[in-house]
Amino acid sequence: MPRMKTNVNAMPAPELELLAPRLERSAEVLTPAALDLVVTLHRKFNGRRLELLATRAQLQKQLDAGGLPEFLPETAATRAGEWRVAPAPADLLDRRVEITGPVDRKMIINALNAPVQAFMADFEDSSSPTWENMVSGQINLRDAINRDIGYLDAASGKSYRLGERIATLIVRPRGWHLPEKHLHIDGEPVSASLFDFAIFLANNHESLARAGTGPYFYLPKIENHLEARLWNDVFVAAQDALGMKRGTIKATVLIETILSAFEMDEILFELREHSAGLNCGRWDYIFSFIKKFRNRRDCVLPDRGTLTMDKPFLKSYVELLIQTCHRRGTHAMGGMAAQIPIRDDPQANETAMAKVRADKTREALAGHDGTWVAHPGLAPIAMDAFNAVMSGPHQLRVMRGDVRVGAADLLRIPDGAITETGLRQNIRVALQYIEAWLRGSGCVPLYNLMEDAATAEICRAQLWQWIRHEARMENGATVTAERFDLLLGAELEQVHHEVGPARFRSGAFSTAVRLFSSMVKNDSFDEFLTLPAYQLLP
């Protein structure tokens, strides 16, 4: 359906324009009250958001010039202070297993019914931000909160409904860097973060309160405490506008950028009235490490598959996060298990599940209060790992006084090889993920792993970095643009064989190849693949 420019009836201001197709039921969530809140927050905070994004660019120039992150001298008193965050609400005390996934209707039902404590409904890395996906996601969540959601699978005839007991809902809006191009206020696109947050909060805060829960969020891609302060100010303004008690909103921040790892205390302090802890967003963290040090030859990372959580720079980040959170009286959440059950190969499945079991046991023993899984089939394994270690709902008393993490520990480059296998895998995974994303799917099972935007970002960022610095592979060959082109052609043929001619012809592979190839070979680095890719979405 083509995009249309329409002035929506009953919109709160003539300066608000919707540049999108009309969707069935969209009026149920794009209500005057919800759009009023979007306008209010946009006018009050978008200027600050843009300034903070400009600051990111300035900090990147300093890193490119040889600068390194440090623990901020000007906030030393905050780190040394004995303050604590506000207590967690009852339904966020036990978070030992959380499932994550996109906001399509079937996923929401299955995730809320899963044997887990919480479900993170994701408008960000596991959702392709088509207008239809974003608006339908808001409708689906509203229906789920009101227990009026159902789904009939046309292929199988199976019907899906919510059970009596459901997981606690947590919502992840898109990051500060992303626009929502379909909605303009005063002639400029609204922040995707503010749009996702405001539409959800305005439509659901009263229903959530009646259900005995609250509006809970995960905040992605934050790079420093000033960006956390912006979120806190947004929360205060939104609660005041809607007549809500301050502190009702609770938010867990994903520490998934290398710069935010140096400001964990400060981020918690800024959000202390609204904080529900921090999370180790491991995949985006690795991507951020590559991105921030992309122009440094001494910071080239080895194959993605070798970047396991026992590597010193990742282990240090995990231990510092747990120590910081528990000192402040709040939850330290573990990262994602990307594996999914392998139904047609019992031996391979057992190997994959053993990796999940070991990873979740490592997290529990380190002192995490909970973890993430991407598939309901992994929930019992994660639950068993945490139950074996935790005697209560969390591990806030595990203070990790043994941890001593300095700046050098967070920046230590891991050993490891760059291999042709790793090079080919990055090409094949990123290519297929981008193709699926362009077709509207942001959560893609590939080679027995659940890939999302974060893992695809690692793939394409590594390729750019390896080409940029002519990295030498284990076999002695050099990674060049010419070698990339050669292997891209070979891997495209392999994908053609795997998916079949009909699926290949009907897909978006030609567009994906053009976009992917340009991003890998450009002299400049695209900060996020989702920014240029977003311009290709309806």
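Here is a chat between a colleague and a modeller about helix packing and a few buried residues in this predicted model.

Colleague: Let's start with α13 and α14: are they oblique or roughly parallel to each other?

Modeller: Helix α13 covers residues 420–438 and helix α14 covers residues 453–468. Their axes come within 9 Å and cross at roughly 130°. Angles under 35 degrees would count as roughly parallel. The two helices are therefore oblique.

Colleague: How many charged residues are in the contact of α13 with α14?

Modeller: On the α13 side you'll find L423, N426, I427, V429, A430 and Y433, and they meet A453, A456, C459, R460, Q462, L463 and W466 in α14. Sorted by class, that contact has 10 nonpolar and two polar residues, and the charged count is one.

Colleague: Over to α1 and α5: which hand does their crossing have, left or right?

Modeller: Helix α1 (residues 32–64) and helix α5 (residues 192–210) have axes that come within 8 Å and cross at roughly 140°. That makes α1 oblique to α5. As for the hand, α1 passes α5 in a crossing that is right-handed.

Colleague: And how many nonpolar residues does the contact of α1 with α5 have?

Modeller: From α1 come A33, A34, L35, L37, V38, L41 and H42, while α5 brings L194, F195, F197, A198, I199, L201, A202 and N203. Split by class, there are no charged residues and two polar ones, and the nonpolar count is 13.

Colleague: What about α3 and α4, which residues of α4 does α3 meet?

Modeller: Helix α3 (residues 105–113) packs on helix α4 (residues 131–145) at an angle of about 35°, with the axes 9 Å apart. Their crossing is right-handed. On the α3 side the contact uses R105, I108 and L112, and on the α4 side it uses N140, L141, D143 and A144.

Colleague: Now α8: how many of its residues are buried?

Modeller: This helix spans residues 282–292. Its buried residues include R282, D284, K291 and K292, along with W283 and F287. The helix is largely enclosed by the rest of the structure, because the buried count is 11 of the 11.

Colleague: What covers the buried residues of α11?

Modeller: Helix α11 runs over residues 379–387, and its buried residues are A379, I381, A382, M383, A385 and F386. The elements covering them include β3, α10 and β14.

Colleague: Let's zoom in on R95: is its side chain buried or exposed?

Modeller: R95 sits in the loop between α2 and β3. Buried means under 20% relative accessible area. R95 has just 1%, so it is buried.

Colleague: Which side chains make polar contacts with R95?

Modeller: Away from its sequence neighbours, R95 touches a list of residues that includes Q117, Y218, H331 and D369. T252 is also on that list. One polar contact, of 2.7 Å, joins the side chains of R95 and E98. Another, of 3.1 Å, joins the side chain of R95 to that of T252.

Colleague: Last one: which side chain makes a polar contact with the side chain of E363?

Modeller: E363 is in helix α10, and it is buried, with a relative accessible area of 1%. Leaving out residues up to four places away in sequence, E363 touches R282, G334, G335, H368, T371 and F386. The polar contact, at 3.3 Å, is with the side chain of K360.

How values were computed
Residues numbered from 1 in each chain as written. Predicted model: local features only at pLDDT ≥ 70, side-chain atom pairs only at ≥ 80, totals over all residues. Heavy atoms only, no water. Axes fitted to C-alpha atoms, helices over the stretch in contact; angles between N-to-C directions. Helix = DSSP H or I, 4+ residues; strand = E, 2+ residues; numbered from the N terminus. Parallel < 35°, antiparallel > 145°, perpendicular 65-115°, else oblique. Contact = heavy atoms within 4.5 Å. Nonpolar A, V, L, I, M, F, W, Y, C, P; charged D, E, K, R; others polar. Buried < 20%, exposed > 50% of the residue type's maximum accessible area, 1.4 Å probe, protein only. Polar contact = N/O pair within 3.5 Å; in protein donor to acceptor, adjacent residues only side chain to side chain. Left-handed = near helix turned anticlockwise from the far one by under 90°.
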